[in-house]
Amino acid sequence: MDTNSFFINRPTAEIARDLLGRTLSFDNGQEILSGTIVEAEAYVGVKDRAAHSYNGRRSQANEGLYRAGGTLYIYSQRQYFFFDVATQKEDEPQGVLIRAIEPETGIETMIKNRHGKIGTLLTNGPGKMMQAFGITSRKWDLHRLEDSPFAIDLNNKKDIEKIIALPRVGVSQADPYWAKKNLRFIVSGNPYVSDIKKKDIKENHGFILTNN
DNA sequence: TCGCGGATAGACT
DNA sequence: GTCTATCCGCGAG
């Protein structure tokens with residue numbers, strides 16, 4: 001499957017949901033850092049009170065959302081960076097925020113980048129994930145996914161036991177309708193999901209184990 | 001295990 | 001000056 005058909009022509013919420021279980025990787029020039037996406041949020045355009053593009057807001061800061069699906073929208077907030085992929089056609093400013101991954105390769109480097117943090121603290125939040133990758137600038141903002149060191153494997157995905165939809169994290173509560181809307185998708189039971197309770201963690205991390 | 005507040009930096013009014 | 005699509009450490013229970 002190519003980037004265009006994946007990120008365009010179906011609802012952004014469906015795209016966010018479909019990203020769960022897929023591998024996100026970053027080539028830092030030395031090695032590949034990667035992990036399985038376990039949490040993603042959908043931001044659905046100018047009508048979405050919680051989106052950066054709400055009410056048509058557009059500037060150099062959020063230009064990426066207005067580009068065609070498959071374009072990276074990387075921005076900073078406080079001292080952290082965030083990884084979004086634009087969805088839908090050009091000038092339809094929707095996108096998905098990848099919030100958490102379960103690390104697969106390059107874990108030792110991620111620990112260094114995270115200043116010694118280990119385990120779930122490595123990547124269980126959007127700012128933490130980018131810090132684990134070693135991202136310190138908006139260099140790849142506005143680049144196409146396929147023309148960047150980032151990659152998402154659109155041809156394979158892990159079998160997930162159960163996906164849950166929840167309200168998004170940290171969004172404006174000014175409009176209860178959008179604040180409560182279930183546009184955050186998680187792999188139920190995975191320990192790398194942000195703010196998951198210990199009692200909700202499952203031994204299989206929410207994935208169906210395939211044999212051989 | 002929880003809730004709270006401080007740190008911290010860029011964008012916008 | 002105000003507001004974040006956050007993170008972390010601290011103190012109470």
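Trainee: What makes the pair Glu41 and Tyr43 a polar contact?

Mentor: The model is predicted. In it, the side chains of Glu41 and Tyr43 are joined at 2.6 Å. The cut-off for a pair of N or O atoms is 3.5 Å, so this pair counts as a polar contact.

Trainee: What does the side chain of Glu41 have beside the backbone nitrogen of Val169?

Mentor: A polar atom of that side chain lies 2.9 Å from the nitrogen. The limit is 3.5 Å, so the distance falls within it.

Trainee: Why is Glu41 called buried?

Mentor: Its relative accessibility is 0%. Buried means under 20%, so Glu41 counts as buried.

Trainee: Where does Glu41 lie, and which residues is it in contact with?

Mentor: Glu41 belongs to strand β2, residues 32-43. Leaving aside neighbours within four places in sequence, its contacts include Ala16, Gly95, Val96, Leu97, Arg168 and Leu183. Val169 is also among them.

Trainee: How do you know that β3 and β4 pair?

Mentor: They are joined by 6 bridges and run antiparallel. Pairing needs at least two bridges, so β3 and β4 pair. One bridge partner of Gln77 to note is Tyr80, in β4.

Trainee: What lies between these strands in the hairpin?

Mentor: There are 2 residues between β3 and β4. Arg78, in the turn, has a positive phi of about 50°.

Trainee: Which residues surround DNA strand B?

Mentor: Arg57, Ser59, Ala61, Ser76, Arg78, Lys197 and Lys198 surround it. Sugar and phosphate make up 82% of the atoms of DNA strand B that come within 4 Å of the protein. The residues divide into 1 nonpolar, 2 polar and 4 charged.

Trainee: What makes the approach of Ser59 to DNA strand B a polar contact?

Mentor: A polar side-chain atom of Ser59 lies 2.4 Å from a phosphate oxygen of the strand. The cut-off is 3.5 Å, so the pair qualifies.

Trainee: How do you know that bases of DNA strand C take part too?

Mentor: Of its atoms within 4 Å of the protein, 54% belong to sugar or phosphate and the rest to bases. Polar side-chain atoms of two residues illustrate this: His52 lies 2.9 Å from a base nitrogen of DNA strand C, and Asp84 lies 2.4 Å from a base nitrogen of DNA strand C.

Trainee: What is the partner of the polar backbone atom of Lys128?

Mentor: A phosphate oxygen of DNA strand C, 3.0 Å away. That is within 3.5 Å, so it is a polar contact.

Terms used: Residues are numbered from 1 along each chain as its sequence is written. Chains are lettered from A and ligands numbered from 1 in the order in which they are written. This is a predicted model: local features need pLDDT of at least 70, side-chain atom pairs count only at pLDDT 80 or more; totals for chains, interfaces and linings use all residues. Side-chain values use heavy atoms; hydrogens and water are left out. A residue is near a molecule or strand if one of its heavy atoms lies within 4 Å of it. A polar contact is a pair of N or O atoms within 3.5 Å; within protein, one must be able to donate a hydrogen and the other to accept it, and residues adjacent in sequence count only if both atoms are side-chain atoms. Ala, Val, Leu, Ile, Met, Phe, Trp, Tyr, Cys and Pro count as nonpolar, Asp, Glu, Lys and Arg as charged, and the others, Gly among them, as polar. Helices (H or I, at least four residues) and strands (E, at least two) are DSSP runs, numbered from the N terminus. Buried means under 20% relative accessible area, exposed over 50%, partly exposed in between (1.4 Å probe, protein chains only). Contact means heavy atoms within 4.5 Å.
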